[in-house]
Structure formats: C-alpha cells, structure tokens
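Biologist: Before we begin, could we go through this model slowly, asking at each step what a value has to be set against before a word can be used for it?

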Amino acid sequence: TRSVLVAGETLIDFIPEQTGPLAAVESFSRRAGGAPANVAVGLAHLDAQPLFWTRVGDDAFGDYLRETLADAGLDDRYIEVDPAAKTGLAFVSLGEEAEREFSFHRHESADTRLQPGTIDDEALSGLDWVHVGGVTLADDPARTATLDLVERARERGATVSFDPNARPELWADEEFSFVETIDDLLPQVDVLKASPDDLAAANIEYDGPEATADRLLERGPHTVFLTLGGEGSFAASTADAPWASGTETAFHDGYAVDPVDTTGAGDAFTAGAIAALVDGVDLGEALGFANAVAAVTTTAPGAMTALPTREEVTAFRAGQS
Ligand code: ATP
C-alpha cells in the first residue's frame with residue numbers, strides 16, 4: 001500500500017450551543033478538532049492507513065484526543081504527549097450568516113512544539129505523500145519543524161500537499177506574516193487545496209476558479225484544488241502531476257445534500273482527494289470522490305465524527321447517480 005503522513009495540530013474545538021457573537025455565547029460543547037487531525041481521521045476512515053504526527057498536552061484534553069485518534073484506528077507512533085505543555089484549545093462562535101469567530105488558546109500549547117527532525121530521513125524515504133496545513137506555521141518550533149518536513153519529504157520524492165487554512169486571529173501577534181509564509185511555501189508544495197477565503201487572506205486575487213488556478217500553478221504546485229462550498233470545487237493539474245498526461249482541469253458542481261453542519265467539509269475533501277490520488281485514479285475521479293466525502297460529512301453534526309467510511313461514500317455515490 002502507498003503510505004501517507006499527515007502532520008499538524010490536534011485541538012479541542014469548543015463549539016457554541018447558541019448562535020451569536022463569541023462574547024455572548026454561554027455554553028459550548030467539546031469536539032476533537034484541528035484540520036490535520038480531521039484529515040488524518042478522514043484518511044483512516046477511508047482505509048488509507050495514514051501516519052499522523054501531532055502533539056497533545058499531558059492533560060485531560062490530551063487524553064481525550066489520544067483516545068479519539070486511537071478509536072479512529074490511527075497508528076500512534078508519531079502521536080506525542082508533551083509533559084510540559086497544555087493541549088491547544090479553540091473556542092468558536094457561529095453568527096447569523098454562518099460567519100465564524102475564533103478565540104485560540106494555544107500560546108506555547110503542545111501542538112506548537114513539534115520538533116524539527118522528529119521524522120527521520122529513513123522514515124521519510126518510505127512515504128509517498130505528506131500533508132501539512134497552515135495553522136502549524138504560525139508558531140515556532142512547529143513552524144520550522146513543518147517547513148523542514150516539507151523540504152526533506154520533497155527531496156525524497158514524496159508528494160507534498162498543503163492547505164493554508166487561513167486563521168487571521170492566529171497570526172495577529174506573530175513575527176511571521178501569513179502572506180509571506182504562503183508566498184514562500186507555494187514553490188515547495190506539489191498540491192495546493194484552498195478556498196477563496198484562504199486566498200483572500202494570502203493576498204491572492206480570486207477571479208474565478210480557472211484563472212485563479214492558472215496563476216497558482218505558475219507559482220509552484222502541479223495541482224490545485226479550489227473548494228467552493230455548496231457550489232462544489234475545481235481542480236487543475238499540469239503535466240508534472242503523476243495523474244495527468246498534460247494540462248488537465250475538472251469541475252464538480254457538488255452533490256445536492258441537506259447540510260446539517262459543514263464544519264470540517266474542507267478537511268473531508270482533502271482526505272478524499274489524497275485517498276483517491278494515492279490509489280492512482282485520475283484528477284476528475286479524485287475530484288468526484290473528494291466532493292462525495294465532503295458532502296457526506298456535511299450531513300452529520302461535528303467534523304471528525306461525521307467523516308465517512310469508504311463503503312458509505314460508495315453507497316452515497318451509487319444513490320446519487
Ligand atoms: P472549511 O471546512 O474550513 O469550511 P473549505 O472552505 O474548504 O473548508 P467548503 O468549500 O465550504 O470548505 O467545502 C468543501 C467541500 O465540501 C465543497 O467543495 C463541497 O464538496 C462540500 N460542501 C460544502 N458545503 C456543501 C453544501 N452546502 N452542500 C454540498 N456540499 C458541500
């Protein structure tokens with residue numbers, strides 16, 4: 001089987017029990033979260049047997065997260081417990097127009113303390129795919145650890161995918177800017193998955209999927225996925241992509257579902273795209289599969305708990321056609 005490593009934060013998301021501004025929310029429910037954690041669990045549910053490199057605190061929240069990741073069937077060799085740091089937390093609110101507000105409690109939290117070099121060269125040589133996200137890049141040493149992982153994985157021939165996951169709240173007090181970080185990283189990645197919001201935060205103009213993807217492909221990645229919420233998604237590859245024989249594009253207008261909770265839909269999409277592409281399918285089929293994984297995820301509450309199995313995705317697609 002092809003081997004995939006996902007790296008980055010596992011957090012507790014505190015989801016509001018009422019809509020309205022964060023300052024007015026009175027009660028929250030606890031959910032396992034963090035975009036890379038969602039992607040890793042999504043891949044595990046799809047039988048891709050990923051490795052997941054993350055770090056939680058030696059506290060009750062860390063215990064809960066480790067239990068959740070173990071229940072999803074994830075290998076724990078790179079799931080670290082930091083005796084000297086707390087598990088990262090994120091409080092979220094949901095406005096009337098579905099706009100989200102975040103309050104992050106991850107100052108020097110365990111997830112920001114991934115150490116460079118943890119995944120050694122030998123382990124990296126056996127990997128086909130490495131996926132990382134933008135949240136890990138906001139704080140050192142996790143930032144340096146992630147950039148080092150990307151560089152060494154690439155040198156050893158792995159496909160590197162990246163989701164900017166723009167969270168302006170996280171970068172406000174940092175010495176690094178999100179815009180410069182994305183500028184510097186684009187030439188280092190093979191596959192970019194982004195939403196128009198991510199691009200806006202990175203100061204990248206969004207003028208429709210085709211034109212935007214064309215400009216992104218000139219900046220390094222050989223493949224770009226743009227997710228467009230209920231309107232579906234767009235994918236483009238150059239001839240450098242192993243799954244394309246020339247320039248290829250694909251558009252999927254999304255599956256019609258009654259969404260209950262779209263949290264984590266983007267991460268579900270990423271897990272679906274990776275699982276499909278490591279299986280060797282073409283770009284159009286990967287896009288269809290990714291949209292189906294994402295669509296099913298929106299039909300159940302929560303992010304991680306809503307991620308479907310391969311059988312559920314197959315049944316869903318059969319019911320749609
Ligand atoms: P995030 O999870 O941070 O919101 P994102 O912005 O990438 O990430 P979206 O673009 O909202 O996520 O959604 C990702 C994918 O989920 C879409 O490409 C689509 O396939 C599916 N999806 C999202 N919302 C809906 C919806 N209302 N109906 C059907 N599919 C949806």
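Biologist: Leaving aside its neighbours within four places in sequence, which residues is arginine 152 in contact with?

Modeller: Keep in mind that this is a predicted model. Arginine 152, which is found in helix 4 (residues 142-155), is in contact with Gly117, Ile119, Asp120, Asp121 and Leu124, once its neighbours within four places in sequence are left aside. The word contact is used because heavy atoms lie within 4.5 Å.

Biologist: How far apart are the C-alpha atoms of arginine 152 and isoleucine 119, which are 33 residues apart along the chain?

Modeller: The C-alpha atoms of these two residues, arginine 152 and isoleucine 119, are separated by 9.7 Å. Contact is judged on heavy atoms within 4.5 Å, and Ile119 is among the residues that arginine 152 is in contact with.

Biologist: Why does arginine 152 count as buried?

Modeller: Buried means under 20% relative accessible area. Arginine 152 has 13% relative accessibility, and therefore counts as buried.

Biologist: What makes serine 233 buried?

Modeller: Serine 233, in strand 12 (residues 233-237), has a relative accessible area of 0%. The cut-off is under 20%, so serine 233 is called buried. Not counting residues up to four places away in sequence, serine 233 touches several others, including Ala250, Phe269, Leu287 and Asn291.

Biologist: Why is what joins the side chains of serine 233 and asparagine 291 called a polar contact?

Modeller: A polar contact needs a pair of N or O atoms within 3.5 Å, and within protein one must be able to donate a hydrogen and the other to accept it. The value between the side chains of serine 233 and asparagine 291 is 2.6 Å, so the pair is called a polar contact under that cut-off.

Biologist: Why does alanine 250 count as buried?

Modeller: Alanine 250 lies in strand 13 (residues 248-252). Its relative accessibility is 15%, and the cut-off is under 20%, so alanine 250 counts as buried. Without its neighbours within four places in sequence, alanine 250 is in contact with Ser233, Phe234, Ala235, Gly284 and Leu287. The C-alpha atoms of alanine 250 and glycine 288, 38 residues apart along the chain, are separated by 9.3 Å.

Biologist: Let us turn to whole helices. How do you know that the buried residues of helix 8 line one face of the helix?

Modeller: In helix 8 (residues 209-217), the buried residues are Pro209, Thr212, Ala213, Leu216 and Leu217. Looking down the axis of helix 8, one finds these buried residues within an arc of 135 degrees, so they line one face of the helix. A general rule helps here: an α-helix has 3.6 residues a turn, so residues three or four places apart point the same way. The cover over the buried residues of helix 8 includes strand 10 (191-194), helix 7 (196-201), strand 11 (223-227) and strand 12.

Biologist: What puts the buried residues of helix 6 on the same side?

Modeller: The residues in question are Phe178, Thr181, Ile182 and Leu185, which are buried in helix 6 (residues 178-185). Around the axis they cover an arc of only 95 degrees, and therefore they sit on the same side of helix 6. Glu180 and Asp184, on the other side of helix 6, are exposed. Among the elements that cover the buried residues of helix 6 are helix 4, strand 9 (159-163), helix 5 and helix 7.

Biologist: How many cavities of 30 Å³ or more does a search of the whole structure find?

Modeller: The search finds two cavities. The largest holds about 70 Å³ of space, and the second largest about 30 Å³.

Biologist: Which element gives the most to the lining of the largest cavity?

Modeller: Helix 9 gives the most, with five residues. Strand 8 (129-133), strand 10 and helix 9 (265-278) each supply at least two residues of that lining, which by class has seven nonpolar, three polar and one charged residues.

Biologist: How do the residues of the lining of the second largest pocket divide by class?

Modeller: They divide into two nonpolar, two polar and five charged. Among the residues lining this pocket are Arg106, Asp139, Glu169, Asp173 and Glu174, and Asp, Glu, Lys and Arg are the ones that count as charged. About 200 Å³ of space lies in the second largest pocket.

Key. Residues are numbered from 1 along each chain as its sequence is written. This is a predicted model: local features need pLDDT of at least 70, side-chain atom pairs count only at pLDDT 80 or more; totals for chains, interfaces and linings use all residues. Side-chain values use heavy atoms; hydrogens and water are left out. Helices (H or I, at least four residues) and strands (E, at least two) are DSSP runs, numbered from the N terminus. Buried means under 20% relative accessible area, exposed over 50%, partly exposed in between (1.4 Å probe, protein chains only). The arc is that of the directions from the helix axis to the C-beta atoms. On a 1 Å grid over the protein atoms alone, a cavity is a set of points where a 1.4 Å probe fits but cannot get out, and a pocket is an open set with protein on both sides within 12 Å along at least five of seven lines; lining residues have an atom within 4 Å of a point. Grid points are joined across faces, edges and corners, and a volume is the space filled by probe spheres set on the points.
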